[in-house]
Amino acid sequence: MPYDTGKHCVFYHHYHNVWSSKYRYEVLTGRAGEQVRDILRQVCRESEVDLLCGVLFSDHVQMFVSVPSKRAI
């Protein structure tokens, strides 16, 4: 496993995040889905989070991310 290092630590913080719409309504289709994808990529880039894998469904989003130790999930 590729470990990351800080000044005084060695870490391996990988998280599987799942967000779903209320009542699992299929609202992430078409243009809304594209906007959600762009927003999540932008937030990850600004927060120095590596987006390892992401899947967008019509009713939920799954992301596998690597987060530096200085960031809270």
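**Entry 1: terms and model**

Before I start, a note to self: a helix here is a DSSP run of H or I with at least four residues, a strand is an E run of at least two, and both are numbered from the N terminus. I am working with a predicted model, and I keep that in mind for each entry below.

**Entry 2: the pocket**

I began with the largest pocket and got a volume of about 210 Å³. Which elements give two or more residues to its lining? I found β3 (14–20), α1 (31–46) and β5. Of these, α1 provides the largest share of the lining, three residues.

I then went through the lining residue by residue, and there are 13 of them. Val43, Cys44, Ser47, Val49 and Ile73 lie nearest the centre of the pocket. Sorted by class, the lining comes out as ten nonpolar, two polar and one charged residues.

**Entry 3: the core**

Next I looked up the largest nonpolar core. I listed seven residues: Leu28, Cys44, Val49, Val61, Met63, Val65 and Val67. Which strand supplies the largest share? I noted β5 (residues 60–66), with three residues of this core. Two names were already in my notebook, since Cys44 and Val49 are also among the pocket residues nearest the centre.

I picked Leu28 from the core and checked its neighbours, skipping anything up to four places away in sequence. Leu28 touches Gly33 and Val36, and also the run Leu56, Phe57, Ser58, Asp59, His60 and Val61. That run led me to Ser58 and Asp59.

**Entry 4: Asp59**

I placed Asp59 in the loop between β4 (50–56) and β5. Is Asp59 buried or exposed? I call Asp59 buried because its relative accessible area is 14%, and the cut-off is under 20%. Leaving out residues up to four places away in sequence, I found Asp59 touching Ser20, Ser21, Arg24, Tyr25, Glu26 and Leu28.

**Entry 5: Ser58**

Ser58 sits in the loop between β4 and β5. I get 24% relative accessibility for Ser58, so I log this residue as partly exposed. With neighbours within four places in sequence set aside, Ser58 is in contact with Tyr25, Glu26, Val27, Leu28 and Thr29. I also checked how far Ser58 is from Cys44: the two are 14 residues apart along the chain, and their C-alpha atoms are separated by 21 Å.

**Entry 6: the loop between β3 and α1**

I moved across to the partners of Asp59. Arg24 lies in the loop between β3 and α1, and so does Glu26. I wanted to know what separates each of them from Asp59.

- Arg24 and Asp59 are 35 residues apart in sequence, yet I find 5.3 Å from C-alpha to C-alpha.
- Glu26 and Asp59 are 33 residues apart in sequence, and I find 4.4 Å from C-alpha to C-alpha.

I then looked up contacts beyond four places in sequence. Arg24 is in contact with Asp59 and His60, while Glu26 is in contact with Ser58 and Asp59. For accessibility, I have Arg24 at 44%, partly exposed, and Glu26 at 59%, exposed. Asp59, the shared partner, is the buried one from Entry 4.

Backbone angles came next. Which sign does phi of Arg24 have? I found a positive phi of about 55 degrees in Arg24, which is not a glycine. Tyr23 also has a positive phi, near 60 degrees, and is likewise a residue other than glycine. I placed Tyr23 in the loop between β3 and α1. Tyr23 counts as exposed, because its relative accessibility is 61%, and the cut-off is over 50%.

**Entry 7: Gly6**

Toward the N terminus, I looked up Gly6. Gly6 is in the loop between β1 (4–5) and β2 (10–11). At 34% relative accessibility, I count Gly6 as partly exposed. How far is Gly6 from Pro68, C-alpha to C-alpha? I read 8.7 Å, for residues 62 places apart along the chain.

**Entry 8: the record**

Last, I opened the UniProt record. The unreviewed entry lists residues 9–72 as "domain: Transposase IS200-like". I checked that span in the model: it is 25% helix and 36% strand, and its end C-alpha atoms lie 16 Å apart.

Conventions:
Residues numbered from 1 in each chain as written. Predicted model: local features only at pLDDT ≥ 70, side-chain atom pairs only at ≥ 80, totals over all residues. Heavy atoms only, no water. Core = buried A, V, L, I, M, F, W, Y, C linked by side-chain atoms within 4.5 Å. Buried < 20%, exposed > 50% of the residue type's maximum accessible area, 1.4 Å probe, protein only. Contact = heavy atoms within 4.5 Å. 1 Å grid on protein atoms, 1.4 Å probe; cavity = no way out; pocket = protein on both sides within 12 Å on 5 of 7 lines; lining within 4 Å. Points joined across faces, edges and corners; volume = space filled by probe spheres on them. Nonpolar A, V, L, I, M, F, W, Y, C, P; charged D, E, K, R; others polar. UniProt positions renumbered as here; feature names shortened; annotations may be inferred.
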